[in-house]
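Here is a short report for a reader meeting this structure for the first time. Take a look at the model, then read on.

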Amino acid sequence: MQITGNHQMARIVRHNDESVREGYIRNGGKEVKLFTSALTAFQCNNRIVMAQRKHLDDFLRGRIIGRLECGRTQLEVSEELGIAQSVISRLWQRFQDDGNVSRCYSTGRPRVTTPNEDRYLAVTAKRNRRSTASDLSRQLSSATGTTVSRQTVYRRLGHIGLYARRPVRCVPLTATHCRLRLAWSREHALWTPQQWSCVMFSDESRFSLQSDFRRTFIWRAPGTRYHQENTIERHRYGGAGWLVWGGIILGSRTDLHVQSVTMTGHIYRDVILEQHVRLFRGAMGAEFLFMDDNARPHRA
């Protein structure tokens with residue numbers, strides 16, 4: 001380290017972090033021992049710099065205020081304790097303003113919403129699970145006058161376990177469908193593999209050629225994916241598409257039938273039953289049982 005004094009450069013040799021034991025000043029090519037006052041000033045300045053890197057505890061703050069109340073000057077206290085005079089000045093000013101010198105611990109940015117407003121967001125999201133974060137923000141602003149961002153809405157609902165997720169799509173079933181399916185399952189619960197080997201199950205799936213981004217989200221909690229309020233019944237798909245039909249039987253299956261037109265009663269009879277199902281029925285005989293769903297073309 002170097003300090004400037006009397007227009008000459010002084011080299012200070014420091015042996016540890018607390019004090020400087022030896023100091024020299026270069027004069028005419030020779031090293032002359034530095035005078036004691038300059039060395040003492042450097043030691044004080046060094047302690048001041050080191051003290052600025054850490055916070056003052058309450059005990060040290062009390063010592064500073066006690067010395068100032070006894071009539072000591074801020075400069076004297078600064079040199080004695082090795083603390084910057086600006087720190088002591090701010091501490092003394094704060095003590096004169098509110099009488100408190102304890103360190104204030106900040107908890108971060110204050111919350112924009114109150115607990116009642118948080119509950120309002122939760123109740124509104126549960127009543128209308130398809131409402132977006134922007135919708136909830138506008139409803140909160142109109143009801144309470146508090147303006148929050150979309151991210152704030154996400155955080156508040158996330159604290160109570162509500163997250164934006166895609167709903168489950170399912171085929172709607174009426175009470176009659178459920179009753180008949182349950183009755184059929186109970187009647188055949190004790191069937192043997194030999195009996196099931198004569199039953200063919202069939203179904204068809206429609207693949208839409210138009211994009212479905214499924215951008216509709218709902219607010220739901222983890223573990224409630226298949227709850228009734230979190231499902232959307234959908235069985236109609238608009239636009240062009242391809243229909244794929246297939247049948248399975250124990251140990252075998254039919255070929256896949258693909259068509260681009262809508263399934264009608266005539267196509268189901270002339271193509272599906274005549275060209276695919278009839279072959280299995282002729283091979284198995286009178287014990288053959290064909291199962292399909294209750295779609296209108298199948299019953300026409």
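The protein exposes about 21,000 Å² of surface, and carbon and sulfur atoms supply 52% of that area. Keep in mind that this is a predicted model.

**Overall build**

The protein has 300 residues, and 28% of them count as buried. Its secondary structure consists of 11 helices and 13 strands. How much of the contact list links residues 24 or more positions apart? Among contacts with a separation of 6 or more, such pairs account for 59%.

**Helix H5**

Start with helix H5, which runs over residues 115-127. At 1.5 Å a residue, its 13 residues should span 18 Å. The C-alpha atoms at its ends are 19 Å apart, which agrees with that expectation.

Which residues of H5 are buried? They are Glu-117, Asp-118, Leu-121, Ala-122, Thr-124 and Ala-125. Viewed down the helix axis, the buried residues of H5 fall within an arc of 165°, so they line one face of the helix. A general rule about helices helps here. An α-helix has 3.6 residues a turn, so residues three or four places apart point the same way.

The face of H5 turned away from the buried side carries exposed residues: Pro-115, Asn-116 and Arg-127. What do the buried residues of H5 pack against? Their partners are helix H6 (133-144), helix H7 (150-159) and strand E8 (218-220).

**Salt bridges**

Side chains of opposite charge can pair when their charged atoms come close. A search of the whole structure finds eight salt bridges. Three of the pairs are set out below.

| Pair | Closest N to O |
|---|---|
| Arg-72 and Glu-76 | 3.3 Å |
| Glu-80 and Arg-72 | 2.7 Å |
| Asp-118 and Arg-156 | 3.4 Å |

Look at the pair of Asp-118 and Arg-156, whose side chains meet in a salt bridge. This pair links distant parts of the chain. Asp-118 sits in helix H5 and Arg-156 in helix H7, 38 residues apart. Are these two residues buried or exposed? Asp-118 is buried, and so is Arg-156.

Arg-72 belongs to a network of salt bridges that links Arg-67, Arg-72, Glu-76 and Glu-80. Arg-72 counts as partly exposed, because its relative accessibility is 33% and the partly exposed range lies between 20% and 50%. Glu-76 is partly exposed, with a relative accessible area of 37%. Glu-80 is partly exposed, with a relative accessible area of 37%.

**Glu-204 and its surroundings**

Glu-204 lies in strand E7, which covers residues 199-208. Is Glu-204 buried or exposed? Its relative accessibility is 17%, so Glu-204 counts as buried, the cut-off being under 20%. Leaving out residues up to four places away in sequence, Glu-204 touches Leu-243, Val-244, Trp-245, Asp-293, Ala-295 and His-298.

Ala-295 appears again in another pairing. Its C-alpha atom and that of Gly-265 are separated by 9.9 Å, while the two residues are 30 residues apart along the chain. Gly-265 lies in helix H10 (residues 265-284). Gly-265 is partly exposed, with a relative accessible area of 23%.

**A loop and a nonpolar patch**

Where is Leu-250? Leu-250 sits in the loop between strand E10 (241-249) and strand E11 (252-253). With a relative accessible area of 55%, Leu-250 is exposed. Leu-250 is nevertheless in contact with Pro-193, Trp-196 and Ser-197, leaving aside neighbours within four places in sequence. The C-alpha atoms of Leu-250 and Cys-198 are separated by 7.6 Å, and the two residues are 52 residues apart along the chain.

Now turn to the surface. Which residues form a nonpolar patch there? Phe-207, Leu-209, Trp-242, Leu-256 and Val-258 do, with about 550 Å² of accessible area together. One of them, Val-258, is found in strand E12 (residues 257-259). Val-258 is partly exposed, with a relative accessible area of 49%.

Technical notes: Residues are numbered from 1 along each chain as its sequence is written. This is a predicted model: local features need pLDDT of at least 70, side-chain atom pairs count only at pLDDT 80 or more; totals for chains, interfaces and linings use all residues. Side-chain values use heavy atoms; hydrogens and water are left out. Helices (H or I, at least four residues) and strands (E, at least two) are DSSP runs, numbered from the N terminus. The expected span of a helix is 1.5 Å times one less than its number of residues. Buried means under 20% relative accessible area, exposed over 50%, partly exposed in between (1.4 Å probe, protein chains only). The arc is that of the directions from the helix axis to the C-beta atoms. Contact means heavy atoms within 4.5 Å. Patches are made of residues with over 30% relative accessible area and no salt bridge: like charges are joined within 9 Å, nonpolar side chains (Val, Leu, Ile, Met, Phe, Trp, Tyr) within 5 Å. Accessible areas come from the Shrake-Rupley method with a 1.4 Å probe; for residues, only the protein chains shown count as cover. A salt bridge is a side-chain nitrogen of Lys or Arg within 4 Å of a carboxyl oxygen of Asp or Glu.
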